[in-house]
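Biologist: Could you take me through one part of this chain in detail, beginning with a single loop and working outwards from there? I would like the backbone geometry and the surroundings of the residues treated together, with the overall picture kept for the end.

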Amino acid sequence: MKITENGGAPYDRWTAGRLNPAYYADYAEYFVRWITAMEQRGYPIHAVTLQNEPLNKGNSMSLYMSWQDQLAFIKQGIGPAFKKAGLTTKVLVFDHNYNYDNISGQKDYPLQIFKDPEASAYVAGSAWHNYGGSVTVLDGIHAAYPDKEIYFTEASIGQWNYTFAGCLINDFRDIFMGTLGRWGKGVTLWNLMLDDKGRPNRPGGCTTCFGAVDISSSNYSLKGITRNSHYYNVAHCSKVLRPGAVRLGTEGKGTDGLSFQWYRNPDGSYAVLLLNEGSSDAQVNFVTAKRSVSCKVPPRAIQSVLWND
């Protein structure tokens, strides 16, 4: 199903190569059949991206998919296929880094697709990773197309970057609060669980990554579990934020080193995410029309609060 990037000759490797336009219908049918099979078994599929890290030619497994190719596939393949099958699963474009891997001609990848009316009609929004560039790029994405959704879909920790304290704070700031504070719909991390040897993995895949949870390969039980920083990042958010939560505006005096985001859940409860990057305790009071909630956030810590008026 692949061709070479420039010549269009058949390409039979797991990495790189382009999707042959002759197989657009077949690739789209794969998505249709997979989603249908999963939903028949009770697993509704909220959204799909068309290719993980489409600008990464070295990933295992990979397919190079420029915005021009993704645009064509949406219009000629997956868009019409989803419409014919009556699928409501959302299509998200891009699914790669904030800096577009510095590849010439690929800047503003999602915007190039959104501005095509035919393709845009099939697309719900964009998906992002943080292995290059800054989360602030999302400001421009939202400003240009505020009706399009934003999702964060991959970040990893591992031997190359991991300290518990550093990743806990930095990822909570940049990934969770950074994305959710820029109209993000949600955050997905890589990977939920691995063992102490970084498995499962594919040949050529990451062998030095950690999961949100690591489990001992010799003790598959609760006693063999190590909870890493991503576990606590996810736990704080998922404990208090409910699907459909709306971020609220706030006013009042802040505390040095303290940042927070306040949400209203669909059931009427309030949720607050807090991050204290300072060197001392931060005291904060949240006030609604009916209640005042006070909490103290230790230095270099994350915290979450949930209450009902």
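**A loop and its surroundings**

Modeller: Trp183 belongs to the loop that runs between helix H6 (164-180) and strand E8, and everything I say about this residue and the rest of the chain refers to a predicted model. The phi angle of Trp183 is near 70 degrees, a positive value in a residue that is not glycine. This deserves a remark, because most residues other than glycine have a negative phi, and most peptide bonds are trans. As for its exposure, Trp183 has a relative accessibility of 43% and therefore counts as partly exposed, given that this class lies between the limits of 20% and 50%.

Going back into the helix before this loop, one meets Ala165, which is placed in H6. With a relative accessible area of 48%, Ala165 is likewise assigned to the partly exposed class. Ser229 is 64 residues away from Ala165 along the chain, yet the C-alpha atoms of the two are separated by 7.6 Å.

Going forward instead, the chain passes through strand E8 (184-187) and then into the loop that leads to strand E9 (193-195), where Asn191 lies. The peptide bond that joins Trp190 to Asn191 is cis, with omega at about 15 degrees. A further cis peptide bond links Arg199 to Pro200, and there omega is about 5 degrees. Pro200 has its place in the loop that connects E9 with strand E10 (209-210).

A positive phi also appears elsewhere in the chain: in Asp101, again a residue other than glycine, phi is near 50 degrees. Asp101 is part of the loop between strand E4 (90-97) and helix H3 (109-114). Its relative accessible area is 29%, so Asp101 is classed as partly exposed. Ile103 is also located in the loop between E4 and H3, and because its relative accessibility is 25%, Ile103 counts as partly exposed too. Leaving aside residues up to four places away in sequence, Ile103 touches Leu55 and Tyr64. Between Ile103 and Ser66, which are 37 residues apart along the chain, the C-alpha atoms are separated by 9.7 Å.

The strand that leads into that loop contains His96, a residue of E4. With a relative accessible area of 1%, His96 is buried, since the limit for that class is under 20%. The side chain of His96 reaches the backbone nitrogen of Leu55 at 3.1 Å. When residues up to four places away in sequence are not counted, the residues touched by His96 are Glu53, Pro54, Leu55, Asn56, Asp101, Ala127, Trp128 and His129. Leu55 is thus among the residues touched by His96, and Leu55 is also touched by Ile103; Asp101, the residue with the positive phi, is in contact with His96 as well.

Tyr64, which is touched by Ile103, leads on to Asp69, a residue placed in helix H2 (residues 67-85). At 11% relative accessibility, Asp69 counts as buried. Again not counting residues up to four places away in sequence, Asp69 touches Arg18, Tyr24 and Tyr64. Asp69 also gives a sense of scale: from its C-alpha to that of Lys290, which is 221 residues away in sequence, the distance in space is 54 Å.

That distance can be set beside the overall dimensions, for the C-alpha trace spans about 65 × 50 × 40 Å along its principal axes. A compact globule of 309 residues would have a radius of gyration near 19 Å, and the protein has 21 Å, which agrees. The protein contains 7 helices and 18 strands, and 47% of its 309 residues are buried. Among the contacts between residues at least 6 apart in sequence, 58% join residues at least 24 apart. The protein exposes about 16,000 Å², with carbon and sulfur atoms supplying 51% of that area. Its 30 positive and 27 negative charges have mean positions that are 4 Å apart.

Conventions. Residues are numbered from 1 along each chain as its sequence is written. This is a predicted model: local features need pLDDT of at least 70, side-chain atom pairs count only at pLDDT 80 or more; totals for chains, interfaces and linings use all residues. Side-chain values use heavy atoms; hydrogens and water are left out. Helices (H or I, at least four residues) and strands (E, at least two) are DSSP runs, numbered from the N terminus. The radius of gyration is taken over C-alpha atoms; the globule rule is 2.2 Å times the number of residues to the power 0.38. Buried means under 20% relative accessible area, exposed over 50%, partly exposed in between (1.4 Å probe, protein chains only). Contact means heavy atoms within 4.5 Å. Accessible areas come from the Shrake-Rupley method with a 1.4 Å probe; for residues, only the protein chains shown count as cover. Lys and Arg count as positive and Asp and Glu as negative; His and the chain ends are not counted. The place of a charge is taken as NZ of Lys, CZ of Arg, CG of Asp or CD of Glu. A polar contact is a pair of N or O atoms within 3.5 Å; within protein, one must be able to donate a hydrogen and the other to accept it, and residues adjacent in sequence count only if both atoms are side-chain atoms.
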